Amino acid sequence: MASHSTKGAPAADVYPQKILEYMEGFLISKTVFTSCELGVFDVLLKAERPLSAEEISQAVGASLDGTQRLLAACAGLQLLTVHHDNGQVSYSNTEEASVFLTRSSPLSLCQSIQYSSRTIYLCWHYLTDAVREGKNQYEKAFGVSSKDLFQALYRSDEEMVKFMHLMNSIWNICGKDVITAFDLSPFKVICDLGGCSGALAKQCTSVYPECTVTIFDLPKVVRMSQEHFVSAADLRIGFREGDFFKDSLPAADLYILARILHDWTDERCIELLQRIYEACKPGGAVLLVEALLNEDGSGPLTVQLYSLNMLVQTEGRERTDAQYAALLTTAGFTNIQHRLTGKIYDAVLGYKET
């Protein structure tokens with residue numbers, strides 16, 4: 001009689017809790033995306049009192065049944081507080097929702113969430129293809145060639161402004177942590193390469209009142225930044241148009257590359273860093289702002305997922321501080337140090353010898 005081996009079979013009481021949670025991850029993301037897109041948190045902030053599902057559904061122009069389910073999920077995610085009064089149920093924002101999920105908040109992540117929902121999420125639909133092919137998926141997701149990365153990324157003015165709002169919200173929240181990771185006060189002339197919306201430049205001029213910052217970016221990005229993000233009141237922030245791979249770079253004491261190198265291959269990173277080294281004043285430095293992987297690649301999980309996102313969207317990857325140090329050393333920089341901020345983004349500083 002043939003015997004049936006149970007080797008490797010799970011115990012009867014094993015429940016795949018974590019796997020089920022991972023499978024439900026996209027449901028959570030889309031719940032937050034939809035709530036922000038409909039303006040649920042904005043309606044509650046404006047009301048200044050708890051609202052019923054009926055009131056919220058009318059305000060956002062959605063069905064009552066759908067709104068009730070959405071509100072229940074947001075409450076389960078601890079984004080809304082549920083109030084019970086004489087058999088009536090009403091909802092209000094948690095503090096976190098009011099600060100980060102309302103459009104009017106200076107720390108709003110709504111634009112970032114919108115970009116994640118309408119751009120990044122669509123690229124991730126082709127993650128399997130990205131892993132198989134080892135390249136980004138803009139062509140399949142949006143029907144545009146990805147041979148020129150930023151032509152694909154900035155495929156329309158609307159898409160470019162969405163991306164700029166994404167970066168703006170990130171640096172409004174995380175910028176101070178990374179530009180205070182090191183004491184940058186000795187550097188008076190700063191160039192923010194790929195400075196985008198200017199949010200990080202504003203953080204620099206706020207923390208270091210003796211510095212000036214030049215934002216170096218593509219002409220259309222500079223135009224949008226001047227129209228939507230940086231005003232004439234920002235007296236110590238200037239602009240220079242150009243492509244940092246092709247055009248001459250402004251002389252500076254410090255160059256900032258914030259979430260730039262993770263877009264590119266090692267070869268392109270070295271090419272850019274060598275151009276910076278040549279333009280940098282003796283005794284100057286370059287500051288890299290990136291999400292750093294652990295030395296053995298074991299985490300953090302957020303950065304591991306970001307690295308997958310770089311595969312889906314760019315030519316690059318996330319790296320360890322040692323990998324960034326190797327790139328800097330190859331380009332000529334010395335005395336390389338890194339600082340962990342304890343938040344999402346960290347800092348690496350390398351000097352040009354005097």
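Tutor: Let's start with a word we'll need: buried means under 20% relative accessible area. Also keep in mind that this is a predicted model.

Student: Got it. Is Ser169 buried or exposed?

Tutor: Ser169 sits in helix H11, which covers residues 157-179. Its relative accessibility is 4%, and the cut-off for buried is under 20%. So Ser169 counts as buried.

Student: Which residues is Ser169 in contact with, leaving aside its neighbours within four places in sequence?

Tutor: Close along the chain there's a polar link to mention: a polar atom of the Ser169 side chain lies 2.8 Å from the backbone oxygen of Leu166. Once you set aside neighbours within four places in sequence, the contacts of Ser169 are Ser108, Leu109 and Ser112.

Student: Now strand E3. Why is E3 described as largely enclosed by the rest of the structure?

Tutor: Strand E3 takes in residues 189-193, five residues in total. It is largely enclosed because the number of those residues that are buried is four.

Student: Which strand is joined to E3 by five bridges?

Tutor: Let's look at the partners of E3. With strand E6 (residues 252-258), E3 pairs in the parallel sense over four bridges, and Leu193 stands opposite Leu257 there. The other pairing is parallel too, with Ile190 opposite Val213. The strand joined to E3 by five bridges is E4.

Student: What handedness does the β-α-β unit with E3 and E4 have?

Tutor: The helix in this unit is H12, residues 199-207. Together, E3, H12 and E4 make a β-α-β unit that is right-handed.

Student: Which residue does the UniProt annotation "active site" cover?

Tutor: That label comes from an unreviewed UniProt entry. The residue is in the loop between E6 and helix H14, and at 5% relative accessibility it counts as buried. Among its contacts, leaving aside neighbours within four places in sequence, are Glu290, Arg317 and Tyr324. The residue covered by the annotation is His262.

Student: How far apart in space are Asp243 and Phe216, C-alpha to C-alpha?

Tutor: Asp243 is in the loop between strand E5 and E6. Not counting residues up to four places away in sequence, Asp243 touches Phe216 and Leu218. Along the sequence, Asp243 and Phe216 are 27 residues apart. In space, their C-alpha to C-alpha distance is 8.1 Å.

Student: Which residue has its backbone nitrogen 2.8 Å from a polar atom of the Asp243 side chain?

Tutor: Here we pair a side chain with a backbone atom. Asp243 gives the polar side-chain atom. The backbone nitrogen, 2.8 Å away, belongs to Phe245.

Technical notes
Residues are numbered from 1 along each chain as its sequence is written. This is a predicted model: local features need pLDDT of at least 70, side-chain atom pairs count only at pLDDT 80 or more; totals for chains, interfaces and linings use all residues. Side-chain values use heavy atoms; hydrogens and water are left out. Helices (H or I, at least four residues) and strands (E, at least two) are DSSP runs, numbered from the N terminus. Buried means under 20% relative accessible area, exposed over 50%, partly exposed in between (1.4 Å probe, protein chains only). A polar contact is a pair of N or O atoms within 3.5 Å; within protein, one must be able to donate a hydrogen and the other to accept it, and residues adjacent in sequence count only if both atoms are side-chain atoms. Contact means heavy atoms within 4.5 Å. Two strands pair if DSSP finds at least two bridges between them. A crossover is right-handed if, with the strands pointing away from the viewer, the path from the first strand over the helix to the second runs clockwise. UniProt positions are given in the numbering used here, feature names are shortened, and annotations may be inferred rather than shown by experiment.
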